Every structure is written in structure tokens, then in C-alpha cells.
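User: I've got a structure I'd like to talk through with you. Can I fire off some questions while we both look at it?

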Amino acid sequence: MHLPDLVESYRDHIVVPHKQPLFLLLVGFISSFVLIRVSVRLIRAQVRWWPGNFTPGGLHIHHMVFGVGCLLVAGIGVFATSGGHPWIDWFGLLFGVGCGLVLDEFALILHLEDVYWSEQGRKSVDAVILGILVTALLLTGYVPLGVVPGQSSSDWFGRWGPFALIAVNAVMSIVALVKGKLWTGLLGIMVPGLSWLGAVRLARPSSPWARWRYADRPRRRARALRRERLLHRRADLVRRWVFDLIAGAPDKVPAHHAATHRVAERMAARATAHLDARTAGAAERGPEHRRRTVQAGRARPYGTRAPRRLP
């Protein structure tokens, strides 16, 4: 397709239907996520020519902070300009940039810990991909829940049909989420068939639904475990490979993780308590006991043990 054809297609499908702000939002969303991921991976690889983290005065400022600023400026700017052109286009782009920066650290907000390079940090990639998919569906003109009120030939259905479909689809999406089908439940909000499919299928063994409903049904739980082993684990391997390609592989044992700190603190406390107990015991026995112990050790031949005292 030639450039004039692309320009004409953009005008017909984006500009004329007044979708340019949403299109620029999606562009800013994807661009900021890709650029910030490239930046953090260069920082992680310790590339010398890359500037590195922003640490004024030794304080590490996460890019989420800049994303929140972009969201605030864009949101306030739209209200201040009454959504007029061309401001709404620029604010849409800025809002998309803020979405990419904030959702890239969604796991940090969720856990209130710096889990960026851990397994918990994969939730950020989930949030970004889900946000991009929903925005792309809206941009292509897909109607949420697949219905438009008033388009049915029946007056009754045109009035109450969409509400009934919304209610049923909401229940199905909730059931799919409770069954551990995260992507199916969330995307099912936009595409009703997905949520219904996830709601009627077996739950994942680690889901709340399996804990509630499969505890006294061993055959169904066995089927769920077999499906998890054969199907979901393969899908998880593919998902892990794709996420490693997009966001980088997580750390095996993240040194900054709070659990690691807690284990190290417990080990240090036990070692300190053991040393304090030995020191206190030696102080109570006094120097005379230490002198006799040293003399007894010198008197014993090498490789022999002291005789055990009988009770």
C-alpha cells in the first residue's frame, strides 16, 4: 500500500470517526512501554553509555512517578480545555505515555515492594498487555459486550436485552476469574463468548473455585490436575518465553526481595543469639574454668577425645 493510500485510510478510519485521540493514546501507551523496557534492560545489563537510573541525591525515583505526573497533567488538561481540538489529541498521547509508565510498574504498586525483576513482576506485563488489547478493541470499533441498545427489532429486547446480556456476562466473567482464568475473564468483558467458555470449563487446581468445589470431588480435582499438567503448563511455558522476550527474564533469587531479607535477618538473629549465649556462659564460669579447659586440651594426645563424665 502506497503512502497516499495509507493517509486516506487513516483519515477515513481514524480522523473522520473522531478516533484520533484514542489512536494517539494507544501509540503513546505502546511507545512508552517499549522505550522504558529497553531502558531498564540496558540498565540491568550495565551498559556504560546508557545514563542509568534517575537518582537525584541518592534517591531512586521510579518511572512510575513520571507516569503519574503524565496522567494528572493529561486528565486535568482535558477538563481545562473542555476536550477541544487539538488539545485532546495531545493530551490523549500524554495519557497513553502515562499509562505505559505506570502499568509497567503495576506489580510494585500491587505488592508495595520492588519486585520488578522477580516472578511477581510479571503481573506488570499482564496489565500492560491487557490494557493494550482493550484499547485496541475500542479503537477498531468493537462494541463492549457485543450489543448496542435500540438496534433490535423487538422493543422489549431493545430495552431490556442489553441489560440482561450485561448481567449474564458479568456473572460469567466473575466465575471465570474465580476459576483462575484471568485472561479469559478479563477479555470476556469485551467478548462475551470468552467469559462463558471459561465459566463452563474446569477450574485451575490452584483457584478459589477448586478449593471450594473440588475438595470433596476427587475425580473432578484429578481431571483438573491432569489438564493443568498437560495443557496449562505448556501454555505457561510459551507465555514465559514470550514474557522473557518482551520484558527480560526474572531474577532467580532477587536480592532485594522482602522474603530474602526476612530469612537473612532470622539467620543473623539466631547466630547472634548463639554467640551471646556462649559468651555469657563463659563469663559465668570465670577465668579459672577456661584455664583448666585449656590445660586439659593440651594434656590430651592429638586425635583423642576427653573421657565422658558419668552422671
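User: Let's start with H6: which residues of H6 are buried?
Analyst: This is a predicted model, so everything here is read off predicted coordinates. The cut-off for buried is under 20% relative accessible area. In H6 the residues that pass are Arg-122, Ser-124, Val-125, Asp-126, Ala-127, Val-128, Leu-130, Gly-131, Ile-132, Thr-135 and Leu-139.

User: What covers those buried residues of H6?
Analyst: The cover comes from several helices. H1, H2, H4 and H5 are among them, and the list also includes H8 (182–187) and H11 (218–247).

User: How far apart are the end C-alpha atoms of H6?
Analyst: H6 has 18 residues, and at 1.5 Å a residue they should span 26 Å. The model agrees with that expectation, with the end C-alpha atoms apart by 26 Å.

User: Asp-126 carries a carboxylate. Is Asp-126 buried or exposed, and which residues is Asp-126 in contact with?
Analyst: Asp-126 lies in helix H6, and its relative accessibility is 12%, so Asp-126 counts as buried. Leaving aside neighbours within four places in sequence, the residues in contact with Asp-126 are Trp-183, Arg-239 and Phe-243.

User: Now the other end of things: which residue forms a salt bridge with Asp-244?
Analyst: The closest N and O atoms of this pair are 2.2 Å apart. The bridge links distant parts of the chain, from Asp-244 in helix H11 to a partner in helix H6, 122 residues apart. Asp-244 is partly exposed because its relative accessibility is 24%, whereas the partner is buried at 8%. That partner is Arg-122.

User: Arg-240 is in H11 too. How far apart are Arg-240 and Arg-122 in space?
Analyst: Arg-240 is partly exposed, with a relative accessible area of 39%. Leaving aside neighbours within four places in sequence, Arg-240 is in contact with Glu-119 and Arg-122. The two arginines are 118 residues apart in sequence, yet C-alpha to C-alpha they are apart in space by 9.1 Å.

User: Which residue does Glu-228 meet in a salt bridge?
Analyst: The N to O distance is 2.7 Å. The pair links Glu-228 in helix H11 to a residue in the loop between H9 and H10 (208–213), 24 residues apart. Glu-228 is buried at 14% relative accessible area, and the partner counts as buried too, because its value is 18%. The partner is Arg-204.

User: Which residues are linked in a network with Asp-12?
Analyst: A search of the whole structure finds six salt bridges. In one of them, the side chains of Asp-12 and Arg-11 meet at 3.2 Å, N to O. Asp-12 is partly exposed at 35%, and Arg-11 counts as partly exposed at 41%. The network linked by salt bridges joins Asp-12 with Glu-8 and Arg-11.

User: Still in H1, where there's a nonpolar surface patch: which residues make the patch with Leu-6?
Analyst: Leu-6 is found in helix H1 (residues 3–15) and is partly exposed, with a relative accessible area of 44%. The patch comes to about 300 Å². Alongside Leu-6, the residues that make it are Leu-3 and Val-7.

User: In H9, how wide an arc do the buried residues cover?
Analyst: The buried residues of H9 (192–200) are Pro-192, Ser-195, Gly-198 and Ala-199. They sit on the same side of H9, because the arc they cover around the axis is only 135°.

User: What about backbone oddities: which residues have a positive phi without being glycine?
Analyst: One of them lies in the loop between H2 (20–44) and H3, has a phi of about 55° and is exposed at 68%. Another lies in the loop between H5 (106–111) and H6, has a phi near 55° and counts as exposed at 73%. Respectively, these are Gln-46 and Leu-112.

User: And which residues does the cis peptide bond join?
Analyst: The proline of the pair lies in the loop between H3 (63–80) and H4 (87–103). Omega is about 0° there, and the bond joins His-85 and Pro-86.

Key
Residues are numbered from 1 along each chain as its sequence is written. This is a predicted model: local features need pLDDT of at least 70, side-chain atom pairs count only at pLDDT 80 or more; totals for chains, interfaces and linings use all residues. Side-chain values use heavy atoms; hydrogens and water are left out. Patches are made of residues with over 30% relative accessible area and no salt bridge: like charges are joined within 9 Å, nonpolar side chains (Val, Leu, Ile, Met, Phe, Trp, Tyr) within 5 Å. Accessible areas come from the Shrake-Rupley method with a 1.4 Å probe; for residues, only the protein chains shown count as cover. A salt bridge is a side-chain nitrogen of Lys or Arg within 4 Å of a carboxyl oxygen of Asp or Glu. Helices (H or I, at least four residues) and strands (E, at least two) are DSSP runs, numbered from the N terminus. Buried means under 20% relative accessible area, exposed over 50%, partly exposed in between (1.4 Å probe, protein chains only). The arc is that of the directions from the helix axis to the C-beta atoms. Contact means heavy atoms within 4.5 Å. The expected span of a helix is 1.5 Å times one less than its number of residues.
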